[in-house]
Amino acid sequence: MVRTPRRHLAVVLALLVCLTGCGVLPTSGAVRHVGQTRSPDGDVSARFMPPGPSRGDSVEEVVSGFLVAMTGNPVGIPVARRFLDTGSQETWRPSQAIIAYDSVKVAASSTVGKATVTLGGVRRFDARGGWLGGSETTTQQLTMRLSVEDAEWRVTDPPDALVVPSWYFSEHYRPLSLYFLDQTGRTLVPNRVFVPRGDDAPTALVRGLLGGPGAVLAPVTRTAIPRGTELELSVVVRDGVAEVTLSGPIASLPAPRLAQALAQFTTTLRQVPSIRRVRLLSRDAALTLPNGQRSVSVDYGARLSPRIDGSDDAVFGLRGRRLVAGGGEGSPVDGPFGSGALDLRSVAVGITADRAVGVGTDGRSVLTAPLGRQAAASPVRRIYTGTDVLRPATDMFDRTWLVDRRRGGARVLVVGTDGVRTVQVPGVTGQRVTAFLISRDGTRLVALVDGRRLTSNLLLRDRGGGVRRVLGARPVPGVPSELGRLVDLSWFGPSDVAVLGRPSAGISEVTFATVDGSPGDPDVVPPDTWRGEAVGLAGSYDPSLPLFLVVPDDRAGRRVLVLDGSSHRWRDSGLRPGLEAPTYVG
């Protein structure tokens, strides 16, 4: 084969050095900025058309060029196919997976037509953009064979994946959620995925929905969209209406199940700000929806949302011996918890704000009573007596979760209408637990263990919302060891938590982690360090609500700060000093 100057190899390698050295995937970070509920539309970077193959390229040059070609903007798949032989051009399926890497090394042999690509810092995603695993220490080798076609080397067995540098993935993909039903069919559960930025996002979201929940969430979720439903055309958005053209059995669904499927589509697509309504079409005709209309608002799925309008926004806390609600001074709640007769150290409020659960200052007594004007004369009930009970949590099925820190390790309990039940939670039961959370949709328990580890368990429920079984604990990565001793955690959106740590005496830091372990949002800036020993966090499952930091106050005991979403600094919240144990519902 006639060789030409190696200028192409130099260009390709220079590009790869720049591309792999310009940034890596973040290991922590929430799905959005504080105060935002939807990610912005649109592309974020300049167009780039990668070079195709040149005559006389070596095996190494062809493989390196193939990798660079996948970094085009828009995605350079047509250029990348030119590095493949004729047969592989037809069979290559880069949409089957995504492999993002921090570093790359190509070792090739022109004598045998083979190249070994060693990738470092590998993160893997499925066809939907769902997280499969990986970290900055994960490596992967890809072996590519080449053959001579028309006197030029061409790849014959490319991996069925888009293989791109981490910086490229961060710039061109953003984390959003697909929504599936829980086991009871009463609420929607987010399944975090990464989808292309720009006009392709709606299509990617719908294709992801049709693919069903990922392997991790499959045991605790289901879908109302029948198997065999396919997307016929790309999703088109006109005047705020997303037209979704489908084929298959969805057109013959009974009305109740069609309503559930429609809730999945609308809740998923409402994350795209330009979409205000959704129209489902089949065989070029709009489906008649359960409300008799041909299109519905993106808020159609609100009835299956685990958030409760009117009760989510209130901040509760203990002032003196009273449970108060609201900003500024805060007003005592109606009912026994606002009477000043109870001595509590922590409290949880049911998601409909109709009841409260509190732990006494002795850490042993757990009390509950209704809230509201009609609850003034209601008695306070003792529902559990333990050893050292952490801050309680409530779920949408009106159950209360308790973690009792006993001498032999933590005991996890669920309190419902059928009484108090001990639940075995792998990785949590019997351990030293610092704090825990229950997701609003009732599918996940997140815990701080031993003051240094973050774990997540999925909760299997029966049709009535009762807990059947708890699946094994999964470690949640993304909490840097530099954070030191972990003190507290709170929700920071439906798929993210904020974690408070003390890297050293007199210093507090907060970081964000995703409960499924996937990379954080590169657009999110972590909060500044707080010079002082903060004692707690208060955040919400609703991503639009503020994140609070509780710090000591020499005069009032406690002071509450709020995270400023624009400056990423902690500032005064406007809540009068002295408020203890602030919390949202849940």
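L146 counts as buried, because its relative accessibility is 8% and the cut-off for buried is under 20%. This is a predicted model. L146 has its place in strand 6. Which residues touch L146, once neighbours within four places in sequence are left aside? One group of contacts is V59, V62 and V63. Another is G113, K114 and A115. The rest are W153, R154, V155 and T156. Now look along the chain to D284, 138 residues apart from L146. The C-alpha atoms of these two residues are separated by 45 Å.

Strand 6 also leads to the nonpolar cores. Strand 6, residues 139-149, is one of the elements that give two or more residues to the largest nonpolar core. That core has 39 residues. Several strands contribute at this level: strand 1 (97-101), strand 3 (114-120), strand 7 (152-155) and strand 8 (162-165), along with strand 6. Helices do too, namely helix 2 (59-69), helix 3 (77-81) and helix 5 (166-172). Which element gives the most? Helix 2 does, with 6 residues.

Two residues have the most contacts inside this core: M70 and V163. Take V163, again leaving aside neighbours within four places in sequence. V163 is in contact with L67 and M70. I99, Y101, L119 and L142 complete its list of contacts. Apart from this core lies another, of 38 residues. L176, L205, L246 and L258 are among its members.

Next, the cavities. How many cavities of 30 Å³ or more does a search of the whole structure find? The search finds 2. The largest has a volume of about 280 Å³. It is lined by 24 residues, and the closest to its centre are L437, W491, G539, T583 and G586. Six strands appear as elements that give two or more residues to the lining: strand 21 (344-349), strand 25 (393-394), strand 29 (433-438), strand 34 (485-491), strand 37 (536-538) and strand 41 (580-583). What is the character of the lining residues of the largest cavity? They divide into 15 nonpolar, 7 polar and 2 charged.

Strand 41 belongs to a sheet as well. This open sheet has 4 strands, in the order 20-19-18-41, with antiparallel pairing. Strand 20 (331-332) and strand 41 stand at the edges. Each has a single partner strand, so one side of each is left without a neighbour in the sheet. For strand 41, pairing with strand 18 (residues 316-319) is antiparallel over 2 bridges. Here L318 has E580 of strand 41 as its bridge partner. Strands of a sheet pair through backbone hydrogen bonds.

Finally, follow the chain through two hairpins. Strand 38 (residues 548-553) and strand 39 (residues 557-563) run antiparallel and are joined by 6 bridges. Within this pair, L549 is matched with L561 of strand 39 as its bridge partner. A hairpin of 3 residues links strand 38 to strand 39. Strand 39 then pairs with strand 40 (residues 570-572), also in the antiparallel sense, over 3 bridges. In strand 40, W570 is the bridge partner of L563. The hairpin of strand 39 and strand 40 has 6 residues between the strands. Which residue there takes a positive phi? H568 does, with a value near 65°.

Notes
Residues numbered from 1 in each chain as written. Predicted model: local features only at pLDDT ≥ 70, side-chain atom pairs only at ≥ 80, totals over all residues. Heavy atoms only, no water. Core = buried A, V, L, I, M, F, W, Y, C linked by side-chain atoms within 4.5 Å. Buried < 20%, exposed > 50% of the residue type's maximum accessible area, 1.4 Å probe, protein only. Contact = heavy atoms within 4.5 Å. Pairing = 2+ DSSP bridges. 1 Å grid on protein atoms, 1.4 Å probe; cavity = no way out; pocket = protein on both sides within 12 Å on 5 of 7 lines; lining within 4 Å. Points joined across faces, edges and corners; volume = space filled by probe spheres on them. Nonpolar A, V, L, I, M, F, W, Y, C, P; charged D, E, K, R; others polar.
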